[in-house]
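Subject: Structure handover

Hi,

Here is the structure you were waiting for. My notes follow below it.

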Amino acid sequence: MMASPKKRIFLKSLVASSVAAGLHPIAALAQLRVEISGVGANQIPIAIGQFWDDPAGDNHVTAIIAADLQRSGLFRVIPSSDLVRETGAVDDAVWRSKGADALLGGSLTQADGRTEIRYRLHDTAKAVTLTSSGLKVNPQFIRLAAHRVADDVYEKLTGIRGPFATRIAYVARSGNEYRLEIADSDGENAFTAFRDTEPVISPAWSPDGSKVAYVSFNLKKPVVYVQELATRQRIAVANFKGSNSAPAWSPDGRRLAIALSRDGLTQIHTVNADGTDLRRVATSNAIDTEPCFSPAGDTFYFTSDRSGSPQIYRMTPSGGEVRRVTFNGSYNISPAISPDGKLLSYISRRDGRFQVYVLDLANGQETRLSDGPRDESPSFAPNSRYIMYASESAGRAHLAVVAVDGSSSYTLNAKASKIREPAWGPFTK
Amino acid sequence: MNGVKILVSIIAFTLLGACSTIKLNEKAPPVEDRNSASSVPAPAPAPAPSSGRTSEVSPSSASAVDPLNDPSNILYKRSVYFDYDQYTVKEEFSALVEAHGKYLAANPDRKVTIQGNTDERGGSEYNLALGQKRAEAVRRAMALAGARDSQMEAVSFGKEKPKAMGSDEAAWMENRRADIVY
């Protein structure tokens, strides 16, 4: 389970380019603080022993793994000061007496300038090893490797792919500066992909995680750009007369759905990711915006005020078979579809409060997941189990994450910035 | 004239040259942006149109004071305010909008951007579309008064560039607005 060479080069070039641009002081400022505000009821109790030769500090592997699992809401981490290796016999009775159903131990080995992390996950009830594995990485990827260990533990114990070794994009604002930032899923390792004195909104990850589309106002109007993260090369894919906004990628990463006002009202179009082959998808005499593709690519969800108030609709990619999807409340916007295609999340205004809702597309059951007065921009984790959104109250703007069943939540705060417009990136290899 | 136009194009290109990977719009951005939000450092807030465009326009406006810069002229007013959730130009602003439409009809060299704005409540993208609807309402009213489509561009800032800070009705009223920017 080693990071592929391609991935390593990609990440390395990110680090190199932020150093070259002199961004490190700002990147350090942008680290997000995590606060867990709710935990699930049926948590798996897991003891995590101190990995052998795990140096303290920012790259403390044991702590990164424990924080990931704790934050997920699915685990109750039983901390242990004992050193626990990935080898040797396990005294199951002792760990069971501490309340642990599972035990994670491991070690770090330095060789040739690289670090090898070896680990073993053990089921203390059945007295069997669930997984025993290792990764060898360059020093700058130790955090990523720790997230991959946490992903493996999460998957072995829940049957669901772990969401930790992924990245998020969001917009930070300090004073008059707007920054599109990319960070690890835990808010660490943030770097600035784009900065400007004009607003930036609506970042959207390409399905392979190599590019981000977003809307910048740097030309005194909204223009849609696609930026390659590794090279920082960016192109305007939609700079037509009027406003250009709301980019969403097709599942194959070849096309973008966008909202354009070139014909007057805001309407949904598609365009190739290089800006060629613009097509209008549908024609209405209302606002149609915020398109998003279903994971299979066979359905568009979008926001329209054709009924007099904004509601979420769906249609075929060619604009046919339009159906209204939301019926509760007079203001439902910002549709996001879970990567497994089962859930639709959106913002609904009820009693003057803007909150995150999730709709089970199979049975039509709607659940409110947030209680903020002004929540915005829901975005699913790639494993479909969490929703990240922007929350603002009393002048503070932060990001929040809630489990799709509402069982747990946490927030990501930046010290000196207002942060909003989150987008959770895809799984990477 | 031609020489001046080429010079203006060169200046515009040089200014944009810093972002060489950006696909440039075929037309140069507005030379002047007097209504940009106070949070943005405006290099040339002077009301008089700066740089090359002045010399391009001066033949038609002759030696008289440019009515756009005359505080006693209705053209000095460039902002149209809207009610909550409303996108029609109110009666009290129809004279203002008509005056700008007629001014553009009489001055075919002049161009405007109409910038729509909303208050801070609701989502970024939906507000962007609502601000667009406001800008478009002003654009259509100006077209009825004789302005050509090629002279106008309606765009939206949504809730992203509020002129008034704060979360009260006074701030919201100020931000439900479309600005006519020459």
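Confidence in chain B comes first, since this is a predicted model. Chain B has an average pLDDT of 76. At least 70 is reached by 65% of its residues. The weak stretch is residues 1–62 of chain B, where pLDDT stays under 50. For that stretch the model has 65 contacts beyond four places in sequence. Please read those contacts with the low score in view. For the model as a whole, ipTM is 0.89 and pTM is 0.84.

Next, the contact between the chains. Chain A puts in 38 residues and chain B puts in 27. Two elements of chain B each supply at least two residues of its side: helix H4 (124–144) and strand E3 (152–158). H4(B) gives the largest share of that side, with eight residues. By class, the chain B side has eleven nonpolar residues, eight polar ones and eight charged ones.

What does H4(B) pack on? Start with the sheet in chain A. It is an open sheet of four strands, in the order E18-E19-E20-E21, and the pairing is antiparallel. Strand E18 (288–293) and strand E21 (323–324) of chain A each have a single partner strand, so they stand at the edges with one side lacking a neighbour in the sheet. H4(B) packs on this sheet and touches E18 and E19 of chain A. The direction of H4(B) makes about 145° with that of E18(A).

Inside the sheet, look at E19 (residues 300–304) and E20 (residues 311–315) of chain A. These two strands run antiparallel and are joined by five bridges. One place to find on screen is A:Phe300, which stands opposite A:Met315 in E20(A).

H4(B) also meets a helix of its own chain, H3 (residues 91–106) of chain B. The two axes come within 7 Å and cross at roughly 60°. That angle makes H3(B) oblique to H4(B). The crossing is right-handed.

Which residues meet there?

- From H3(B): B:Ser94, B:Val97, B:His100, B:Gly101 and B:Leu104.
- From H4(B): B:Val138, B:Ala141, B:Met142, B:Ala143 and B:Leu144.

By class, this helix contact has seven nonpolar and three polar residues, and no charged ones. The side of chain B that touches chain A, by contrast, does have charged residues, eight of them.

If you open one element, open H4(B). It touches E18 and E19 of chain A, and it crosses H3(B).

Best wishes

Methods
Residues numbered from 1 in each chain as written. Chains lettered and ligands numbered in written order. Predicted model: local features only at pLDDT ≥ 70, side-chain atom pairs only at ≥ 80, totals over all residues. Contact = placed C-beta atoms within 7 Å. Nonpolar A, V, L, I, M, F, W, Y, C, P; charged D, E, K, R; others polar. pLDDT = per-residue confidence, 0-100. Pairing = 2+ DSSP bridges. Axes fitted to C-alpha atoms, helices over the stretch in contact; angles between N-to-C directions. Parallel < 35°, antiparallel > 145°, perpendicular 65-115°, else oblique. Left-handed = near helix turned anticlockwise from the far one by under 90°.
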